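Thank you for asking me to look at this chain. My comments follow as numbered points, to be read beside the sequence and the model.

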Amino acid sequence: MTCNWCESSHATSSSGTVYWELPDGTKAVTITETPSVTCEDCGMEYQEDSVVKEIEDQLFLINTKELEAELTYKQLMAKPRLLKRNYFDFSS
């Protein structure tokens, strides 16, 4: 795997904890076990764009009023959606 920051070939898949502000700005949540990339050369740990989009879409589409303050990535993605897709996302 290639690191998006330093282009080293020593990047590996990992999981980490991220902190995300809800789309309405009312609170932030802690998401553990989030798919991540870790580079042993530059030390960067980050989430790929596809994971960021999945989290942002999911937080936009679920009922966030009953969302726990901390949950795993899998628990977040398993939450039932109120809408089928993000109709305000014009990128796809």
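1. A residue is called buried here when its relative accessible area is under 20%, exposed when that area is over 50%, and partly exposed in between. By that rule, buried residues make up 35% of the 92 residues in the chain. Please keep in mind throughout that this is a predicted model.

2. On the overall layout, the chain contains two helices and four strands, and from the N terminus on these elements follow the order β-β-β-α-β-α. The C-alpha atoms fill a box of roughly 40 × 30 × 20 Å along the principal axes, while the accessible surface comes to about 6,200 Å², with 50% of it belonging to carbon and sulfur atoms. Where contacts join residues at least 6 apart in sequence, 47% of them link residues at least 24 apart.

3. Helix α1, residues 49-61, has 13 residues and reaches 18 Å from its first C-alpha to its last, which is close to the 18 Å expected at 1.5 Å a residue. Its buried residues are V51, I55, D57, Q58, L59 and L61, and they pack against β1 (11-21), β2 (28-39) and α2 (73-78).

4. Which residues have the most contacts inside the largest nonpolar core? That core has 13 residues, and those in question are W20, V29, I31, I55, L59, L67 and L76. The elements giving two or more residues to this core are β1, β2, α1 and α2, and α1 gives the most, with three residues. A second, separate core of five residues includes C3, A11, V37 and C39. As background, nonpolar side chains tend to be buried together in soluble globular proteins.

5. L67 deserves a separate look, since, leaving aside neighbours within four places in sequence, L67 is in contact with L22, K27, V29, L59, I62, L76 and K79. K79 also takes part in a salt bridge with E68, in which the closest N and O atoms are 3.1 Å apart. This pair links distant parts of the chain, with E68 in the loop between α1 and β4 (70-72) and K79 in the segment after α2, eleven residues apart. Both partners count as partly exposed, E68 at 35% relative accessibility and K79 at 23%.

6. D57 is a charged residue that I would ask the reader to inspect, because at 16% relative accessibility D57 counts as buried. Its side chain meets that of K53 in a salt bridge (2.8 Å, N to O), and the two residues both lie in helix α1, four residues apart, about one turn of the helix. K53, by contrast, is partly exposed, with a relative accessible area of 30%. Beyond its neighbours within four places in sequence, D57 is in contact with N86 and D89. The count for the chain comes to two salt bridges.

7. On the surface, F60, L82, L83, Y87, F88 and F90 make a nonpolar patch of about 720 Å². Y87, one of these residues, lies in the segment after α2 and counts as partly exposed at 44% relative accessibility.

8. Is S91 buried or exposed? S91, which is also placed in the segment after α2, is exposed, with a relative accessible area of 63%. S91 and T30 are 61 residues apart in sequence and 26 Å apart in space, C-alpha to C-alpha.

How values were computed:
Residues numbered from 1 in each chain as written. Predicted model: local features only at pLDDT ≥ 70, side-chain atom pairs only at ≥ 80, totals over all residues. Heavy atoms only, no water. Expected span 1.5 Å × (residues − 1). Buried < 20%, exposed > 50% of the residue type's maximum accessible area, 1.4 Å probe, protein only. Contact = heavy atoms within 4.5 Å. Patch = residues over 30% accessible without salt bridge, like charges linked within 9 Å, V, L, I, M, F, W, Y side chains within 5 Å. Areas by Shrake-Rupley, 256 points an atom, 1.4 Å probe, with all protein chains shown as cover. Core = buried A, V, L, I, M, F, W, Y, C linked by side-chain atoms within 4.5 Å.
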